[in-house]
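Colleague: Got a minute to go through this one with me? I'd like to start with the strand pairing.

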Amino acid sequence: MQSLGQTIKTLRGARGWTLEELYQASGVSKGFLSDLENGKRLNVGSSTLLRLADAFGVPVESLMEGGVQVPPDLEKFALEQKLSFAETLTLLKMSRQIHAHRDRARFDDDPFDWKQFYEAVKSFLK
Amino acid sequence: MSDLGTEPKIIAMANALRVSGPDLVAGIRKFCQGKVRRILSRHSRVSNIGDLQAVVCEALSLRVREVWSDEQLTQLVQEYVSDGDPVFAILPTDLAPSTTLGVLIRRSDKEKGWVAIVDCRGNKHLRRFFTLWHEIAHCFTAVEQYELALFHRAAIHDRAKDSVETITDLIAGDFAFFDPLFNPLLEEEIARKGRLTFAGVERVRNDFARDASFQSTLYACVNRVATPILYVEADLAYKKAELALLTSGQGELIPSARPAPTLRVTDTFRNEAARLRGLHIPKKMSVPESSVISRVFLSGIPADSVEDLSDWSSQGRCLPALRVQVEARSGFSGVSAMITLG
């Protein structure tokens, strides 16, 4: 399981933010964020957590539970479509509801068609 | 089977289900059988496969929705989208290919369980029975952390089958043809005719579940009889070297070198008893003209004969001398044959 600092770093990286931009979005100081990401600081107060979760647009629990691994192909698609991080997570969560397909022509190594999936559910993402 | 047990996905599944031992595939199947036993211990009146399906689905919080028309699909999507699950909006796209038979979706509110959508439109209804049990089998092995690690969409054709789909088919076979319900009918048929025949498989299918396909019932019967049986499909085909010549284009340069397809074994399936007795015909092997399989291929009329497998030869080597009963009949393409030892 990822540490909180690793999760913050992953989320920041996924959005292409610098520490400065995360500071602007959350109000949490760059020094604090840097210490957190580098494992120099382990304890974080609930108000700081809340501000970080708000900045990323994710529930506080997802920060505490080790964050969410966004698959690289979804990350690429989300960047192309300029999806918000919250929209990307919703898309991922929805896709994971599909547990299995019984299909005679699709294969395990076929890439997931995020575009097709997004087109079908996009009106429900907002 | 042992190869399947060494696949990383099967090992992960076994770990998630806390199954261990030398044969993980057998262990996982046993795990599922235990689940069904516990379900049945709470329901005394299960006398047919429909009853079994009902009690198992109820216990798994699985709702089965069959879709027989585009209109039904539209209604189903609207129903679930308005109940908080927009993921169902993907279904018209997802089920559009003629190859997609079913989808299993977990409701976002986990209290609401699962929905198995079985597409019965067009020819897809022919696979409805086994598709339903396949989705049920997925629910048996679903474990949260395992799913997250192995979210997959898999296939059942041509390319090497996904290991999770393979074991799911095995589990589905265990329950779609549930032994306590299926075996008495099969035993009655064998007692009446002395051996398994194509007509016997059809009778068992009629008595057990008319929704089941002939092919899946055939596999279930062959797997359960104690007599060694090898099921064979044969059709006009090329051997590997001939195919290579054709694809290389050299046959075009020298017309006389262009090979003609001959009647060959295209697919086989055998039970454990056949494996133990060495009853086997390799794929692509040429069918001898003396075999009833060749005669049925030419005439189209079903026939039986007693033959010796040593009549089958390839590159100067014969199959072992085994006296077998061969029942052959025309299939969708080519010939299907049931070869029974003893």
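Modeller: Sure. Let's begin with Ile229(B): its bridge partner in β11(B) is Thr340(B). Bear in mind that this is a predicted model.

Colleague: How many bridges join β5(B) to β11(B), and which way do the two run?

Modeller: There are six bridges between them, and the strands run antiparallel. For orientation, β11 covers residues 335-341 of chain B.

Colleague: And what about β5(B) and β6(B), how do they pair?

Modeller: Also antiparallel, over eight bridges. One spot to look at is Leu230(B), which stands opposite Arg270(B) in β6(B).

Colleague: How many of the nine residues in β5 of chain B are buried?

Modeller: Seven, so to speak of β5 (residues 229-237) as mostly covered is fair.

Colleague: Let's move over to β6(B). Where does Arg264(B) sit, and is it buried or exposed?

Modeller: Arg264(B) is in strand β6, residues 262-270 of chain B. It counts as buried because its relative accessibility is 7%, and the cut-off for buried is under 20%.

Colleague: Which residues does Arg264(B) touch, leaving out those up to four places away in sequence?

Modeller: Among them are Glu233(B), Ala234(B), Asp235(B) and Ala237(B). Arg264(B) also touches Tyr238(B), Lys239(B) and Glu242(B), and then a run made of Lys284(B), Met285(B), Ser286(B) and Val287(B).

Colleague: Changing topic: how many disulfides does a search of the whole structure find?

Modeller: Zero, over all chains.

Colleague: Why is there no bond for the sulfur of Cys32(B)?

Modeller: Because the closest cysteine sulfur, in Cys139(B), is 11 Å away, too far for a bond. A disulfide needs the two sulfur atoms within 2.5 Å. Cys32(B) is buried as well, at a relative accessible area of 0%.

Colleague: And Cys57(B), how far is its sulfur from the closest cysteine sulfur?

Modeller: That distance is 7.9 Å, to Cys139(B) again, and it is too far for a bond. Cys57(B) is buried too, with 7% relative accessible area.

Colleague: Last thing, confidence. What does chain B average in pLDDT?

Modeller: The average is 89, and 91% of the residues score at least 70.

Colleague: Where in chain B does pLDDT stay under 50?

Modeller: Over residues 144-159. The model has 58 contacts beyond four places in sequence for that stretch.

Colleague: What ipTM and pTM does the predictor give the complex?

Modeller: An ipTM of 0.70 and a pTM of 0.72.

How values were computed
Residues are numbered from 1 along each chain as its sequence is written. Chains are lettered from A and ligands numbered from 1 in the order in which they are written. This is a predicted model: local features need pLDDT of at least 70, side-chain atom pairs count only at pLDDT 80 or more; totals for chains, interfaces and linings use all residues. Side-chain values use heavy atoms; hydrogens and water are left out. Helices (H or I, at least four residues) and strands (E, at least two) are DSSP runs, numbered from the N terminus. Buried means under 20% relative accessible area, exposed over 50%, partly exposed in between (1.4 Å probe, protein chains only). Contact means heavy atoms within 4.5 Å. pLDDT is the predictor's confidence in each residue, from 0 to 100. Two strands pair if DSSP finds at least two bridges between them.
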